[in-house]
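Thanks for sending this one over; I enjoyed going through it. My notes are set out as numbered points, so you can follow along in your viewer.

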Amino acid sequence: MSLSVVSANRLRDGVAVWLGPGGKWVERVEGASLFDAQGLADAHESAAKAQDDQFVVEVTETPAHAELGLPMPETVRERIRTRGPSVRTDLGKQNRAEPPRPVANGHATPAPSPHAGIYFYDELDRQFLRDRAETFRAQVARRLSGELSEDEFRPFRLMNGLYLQLHGYMLRVAIPYGALSAQQMRQLAYVARVYDKGYGHFTTRQNIQFNWPQLVDVPDILKTLAEVDIHAIQTSGNCVRNVTTDQFAGAAADEVVDPRVFAEILRQWSTDHPEFTFLPRKFKIAISGAPVDRAAVRLHDIGVLAHRDETGEIGFEIYAGGGLGRIPIVATKLRDCLRVPDFLRYIEAILRVYNALGRRDNIHKARIKILVREMKPEHFIGMVEEEFAAMDPERYRLDQAVIDAIAARFASPPFAVLPQSFEVMECDRRADPGFARWVRTNTNPHKQPGYISAVISLKPIGGIPGDASADQMDAVADLADRYSFGDIRVTHEQNLVLPHVRQDELHELWSALGPLGLATPNVNLISDIIACPGLDYCGLATARSIPVAQRLSERFADLDRQHHIGEVHLNISGCINACGHHHIGHIGILGVDKNDEEYYQITLGGAGDDKASIGTIIGPAFSSADVVDAVETILDTYLEYRQDGERFIDTYRRIGIAPFKETVFATHR
Amino acid sequence: MPLIDSQGRVVADHWTWALTETECPAVSAIVPLERLPGLLECEPDGRRLGVFLPAGTQPEAVVPYLDRIDVIAVEFPKFRDGRGFSLARSLREHHHFHGEIRAVGHVLPDQYAALVGVGFTTVQVPEGQAVERWADSLSVPGGHGKKRVSQLFGRLVGHPAEEGFD
């Protein structure tokens, strides 16, 4: 006889609940009823009523059996739900002694950081965010009263960054183009402590996610964030999402155009855009202003590369129709050199063609990349150009005055006049091999003499990629104030950056990072793994990502070995939606579900840079037990074939996949 | 189902729907696109015509008739289907239609500002929705009728809705 349990999330706080005897919903699976086929009909009736009463949402039925007399769901997903994240056994239902949340009271807004690399709001900008928070408060009230159905409410909660996941709601807060001030970081730490469980997760899209907020608290969270000029607007939903860019913007030595001003113009232009808020699917724009593409622009719905011609005038190279997910595609180039006044007109033309013609009959074929492919790129470009030509250039003109007004809101850090490089930093490097190693991997050249950008790795050995505790956030804010004009950046590799550090203070900074667990010298090395939250948190995932990242990181814990292997990008996604960007990892790992067991498919040769490419699948998927060994064999093979100075990806491009296939499947059949 | 203008006021609806009849309607009526050419030929005195455009209609399909019709009713089969926004905007901006553009179907008060922003002038409030919600949505909740403010970019370039379409 087949049995099932019925689970759901409680509407007001998102907590996972199960249907127990007498139509009661219980917080622990121990109290759940096991329904046979006959009982299931009544259970569904009862669940439907609980949904009509605005008590639960997302009702799920799962096969289950009795284990030691207690109900046990049969899927990995639902079993994780009964306990909490497997990578944080201190959190969720598995920890019966979890401390209660502190009470929010009398929190003073942290002091501003006047020199940070963010756009500085005026009072009206700030009022706009406060109003948005109040609008969402009213929408939540309408949802709780039943005036809005879940189906009607969902797009509005998504447009405010609020998802419903495995263990509850998840709030995704935008960090526009990755720029964050020390003040903002402290406010994020406050939100993490008071409304969440003391930590946040930095994502591949320069956002931060909180995993445990309650629906009823979210308007207050948004109001709290509004006081420091941050928001969760359009971090989800079928609209233009957070615009991403190079984490070293405004600092990098090789930068030709600072992309932040144009990213900010795109952010404000796209916020509540009347025409483009109900697109066929989500829409991601990336912009980069350096010859080395650090924003993976060719893998976005629209990608923009800003450059300057011989006269110094800015031009934009425009790409469209790139993306990862189920069908990874490298974007098509639409324009070589779009002029600044036409920037928004061209972007609007692309979006209008997409909004009118993008598929709405199949969610998996709704992204612009499918439209471009189905129409053929030439035809798509023709339609965009036709629309562009029909639009009034004056109406859509991006005036220099507008650019100047937005640019004026960005502070210029008061750099000291320093020598090109400091003897003291060189001495420190010679005297301290640990420091020297960190400098080699975790810094980037600065345009300003005597300065350097420092990358703070959020990938400690065996840690959870991208996670930072509230205490770490506060500590980074303090260090940013002390060493980097209060400026912090979030990278799409899930690390943090202090962009403007004096070279003669770098050793001091490094010494301060160590005790905080933030000085791992592994940026761009094998343990600098990009990983999505996977099945430990995510309702869409098919397998866990984080435990694989942790085991890989531990396997390669030896720093000498990591540095010997050199630059390798290893990216892990827990499902085909590819939030972990596995397609563009030099080594990509995709978690799949095979009869309720987690398996991992490996791809090789992906890249997100100017030689953007989608990785090739090496062969059948590996069991969870074998996947780490398989990666090790792949890297051993690389070391065997490596020629002078070659990175992993260079060797791969030279020799192809065959040698890797051979060794991996000889060893792990 | 009440009809509201762009300020949330209920207005009289002088139009009848004639989506199925095959005869020439005697009063001003909103008719399907495919019947429009025929009906334009048989105009009883003083009678005017409007057209119903299902979601996904391309603006070019109605362009030849724009100067002979007064109302375009744009369908929203589901509030999430945003094609109607681009259709309205094209009709205003590229084809300079000056008549009434009416949103019909599944739309939500939360979309009101966007509808007006792309050129809709009326909304047929769907069954079961409180009309007041629509007017409410134009001001800040709990803000005692305070108008919404714009971010800097919006203030610099002005709002399409305030600028008007021509």
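The points below go from the two chains to their contact, and then to some local details of chain A.

1. A reminder before anything else: this is a predicted model. Please read each of the points below with that in mind.

2. Let me begin with chain A. Its secondary structure comes to 21 helices and 26 strands. Along the principal axes, the C-alpha atoms of chain A fill a box of roughly 75 × 60 × 55 Å. The radius of gyration of chain A is 25 Å, which agrees with the value near 26 Å for a compact globule of 669 residues. Of those 669 residues, 56% count as buried. As for contacts in chain A between residues at least 6 apart in sequence, 67% join residues at least 24 apart.

3. Chain B has 6 helices and 8 strands, and along the sequence they follow the pattern β-β-β-β-α-β-β-α-β-α-β-α-α-α. The C-alpha atoms of chain B fill a box of roughly 50 × 35 × 30 Å, again along the principal axes. With 166 residues, chain B has a radius of gyration of 17 Å, in agreement with the globule value near 15 Å. In chain B, 36% of the residues count as buried. Residues 24 or more positions apart make up 48% of the chain B contacts with a separation of 6 or more.

4. How do the two chains meet? In this model, 31 residues of chain A are in contact with 27 residues of chain B. On the chain A side, the elements that give two or more residues are helices H3 (123–145), H4 (150–159), H7 (259–270), H8 (343–357) and H12 (400–407). H3(A) provides the largest share, with 10 residues. By class, the residues on this side of chain A divide into 15 nonpolar, 7 polar and 9 charged.

5. Next, a sheet in chain A that I would look at strand by strand. It is an open sheet of 5 strands in the order E6-E7-E10-E9-E18, with antiparallel pairing. Strands E6 (162–164) and E18 (467–469) of chain A stand at the edges with a single partner strand each, so one side of each has no neighbour in the sheet. From one strand to the next, the twist averages 30 degrees.

6. Strand E9 (199–202) of chain A deserves its own point. E9(A) pairs with strand E10 (207–210) of chain A in the antiparallel sense over 2 bridges, and Phe202(A) has Ile208(A) as its bridge partner in E10(A). The hairpin of E9(A) and E10(A) has 4 residues between the strands, and there Gln206(A) takes a positive phi near 55 degrees. E9(A) is also joined to E18(A), by 3 bridges and again antiparallel; here Gly200(A) stands opposite Ala468(A).

7. Which residues of E9(A) are buried on its two faces? On one side they are Tyr199(A) and His201(A), and on the other Gly200(A) and Phe202(A), so both faces of E9(A) are covered. Helix H15 (470–483) of chain A lies across E9 and E18 of chain A, running at about 85 degrees to E18(A).

8. Two helix environments in chain A are worth a visit. Helix H9 (368–375) and helix H10 (377–390) of chain A pack at an angle of about 110 degrees, with their axes 6 Å apart; the two are therefore roughly perpendicular. Leu371(A), Val372(A) and Met375(A) of H9(A) meet Pro377(A), His379(A) and Phe380(A) of H10(A). This contact has 5 nonpolar, 1 polar and no charged residues. In helix H14 (433–442) of chain A, the buried residues are Phe435(A), Trp438(A), Val439(A), Thr441(A) and Asn442(A). Their cover includes helix H13 (423–431), strand E16 (443–445), strand E17 (451–456) and helix H16 (506–513) of chain A.

9. Finally, is Pro114(A) buried or exposed? Pro114(A) has 12 other C-beta atoms within 10 Å and is exposed. Pro114(A) is found in the loop between helix H2 (76–83) and H3 of chain A. Its C-alpha atom is 8.1 Å from that of Phe485(A), although the two are 371 residues apart in sequence.

Technical notes: Residues numbered from 1 in each chain as written. Chains lettered and ligands numbered in written order. Predicted model: local features only at pLDDT ≥ 70, side-chain atom pairs only at ≥ 80, totals over all residues. Rg over C-alpha atoms; globule rule 2.2 N^0.38 Å. Buried ≥ 20, exposed ≤ 12 C-beta atoms within 10 Å, placed from the backbone. Contact = placed C-beta atoms within 7 Å. Nonpolar A, V, L, I, M, F, W, Y, C, P; charged D, E, K, R; others polar. Pairing = 2+ DSSP bridges. Axes fitted to C-alpha atoms, helices over the stretch in contact; angles between N-to-C directions. Parallel < 35°, antiparallel > 145°, perpendicular 65-115°, else oblique.
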